[in-house]
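Trainee: I have a model open and want to go over the ligand site and any empty space. Can we start there?
Mentor: Fine, go ahead.

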Amino acid sequence: MRILFATGNENKIVEAREVLVPLGHSVEGLVINGLRPNFDEPKHLGLDGVAESKIRQAMELIQGSELEGSAILVEDSGIFLDGFPEWPGAESSDVEKEIGLNGIIEKVKESGNSGAEYRAVAILSNENQVWKSKGICRGKISDHPRGSNGFGYDPIFIPEEGDGGTFGELGNEVKNQISHRKKAMLGLSNLLKSPSR
Ligand code: IMP
C-alpha cells in the first residue's frame, strides 16, 4: 500500500519506512501545496485523542485534492515517566523544549523512580476504512545524556530490551527492532491484512 505519513517529524517517517517497506508498503511524507501539515493538537486529550484529531484534520486537508482517497498515516507518541502520573505523555515535545533532557533527569532523580516508557498511537485511514494500533517500549531514564542517534528523549532512554545503552547509543537499527513506533507500525501492517475496525 502507498502510505502518506502526515507528520512534520522526518525522523518518524524514516522509522516508519524502515518497518513498513520490508513488509511491502511505501511510505512518503504527506505534502500539500509544498508544505508538511501542521495540526492543532488537543494535548489534554492524551495520545489517543491527539491521534484521532490528527487523522480527522488530515482527511479534511486532502478532501477535494488530488490526494483524496490516498491512505493517510498519523501517529502521536510520547514518553511517560513512572514517577509522575501520565506525564509528560502528549506534552513530551513541549516539556523537552521547556526543561531539556537535563531537566528531565533532575525530575526523575527527585522522584526516585527512573522507570519510563515510550508509547505510540498510530492511525491509518483511506477513503472509508480506519485502522488503529499502539506500541509501548519499556525502559528507564539514564543519569546523563549518552549518544547522538535518534531524536527527542533518545539520548536519555535506556530500553529494557537493549544492552544497557540509550537509544542515542544503540542507533536506529536496534531502535527499529524494539521501539514503540516499530510495534505500532507492525500492528498496523498486521491489521491491514484483516477487515478494518
Ligand atoms: P508528537 O510529534 O506530537 O507525537 O510528539 C512526539 C514527542 O514525543 C517528540 O517530540 C519527543 O519529545 C517524544 N518522543 C516520541 N517518540 C520518541 C522517540 O522515538 N524518541 C525520542 N523522543 C520521542
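Trainee: How far is a polar side-chain atom of Glu41 from an oxygen atom of the ligand?
Mentor: The distance is 3.3 Å, which falls under a polar contact, a pair of N or O atoms within 3.5 Å. This is a predicted model, where local features need pLDDT of at least 70, side-chain atom pairs count only at pLDDT 80 or more, and totals for chains, interfaces and linings use all residues. Residues are numbered from 1 along each chain as its sequence is written, and side-chain values use heavy atoms, with hydrogens and water left out.

Trainee: And what about Lys175?
Mentor: A polar side-chain atom of Lys175 lies 2.7 Å from a ligand oxygen.

Trainee: Which residues come nearest to the ligand?
Mentor: Lys12, Glu96, Phe151, Asp154 and Lys175, out of 18 residues around the ligand (a heavy atom within 4 Å).

Trainee: What's the mix of classes in that shell?
Mentor: There are 3 nonpolar, 6 polar and 9 charged residues. Asp, Glu, Lys and Arg count as charged; Ala, Val, Leu, Ile, Met, Phe, Trp, Tyr, Cys and Pro as nonpolar; the others, Gly among them, as polar.

Trainee: Switching topic: how many cavities of 30 Å³ or more are there?
Mentor: The search finds 1. A cavity is a set of points on a 1 Å grid over the protein atoms alone where a 1.4 Å probe fits but cannot get out.

Trainee: What lines the largest cavity?
Mentor: Ile3, Leu20, Leu73, Leu124, Leu188, Ser189 and Leu192, each with an atom within 4 Å of a point. By class that lining is 6 nonpolar, 1 polar and no charged residues.

Terms used: A polar contact is a pair of N or O atoms within 3.5 Å; within protein, one must be able to donate a hydrogen and the other to accept it, and residues adjacent in sequence count only if both atoms are side-chain atoms. On a 1 Å grid over the protein atoms alone, a cavity is a set of points where a 1.4 Å probe fits but cannot get out, and a pocket is an open set with protein on both sides within 12 Å along at least five of seven lines; lining residues have an atom within 4 Å of a point. Grid points are joined across faces, edges and corners, and a volume is the space filled by probe spheres set on the points.
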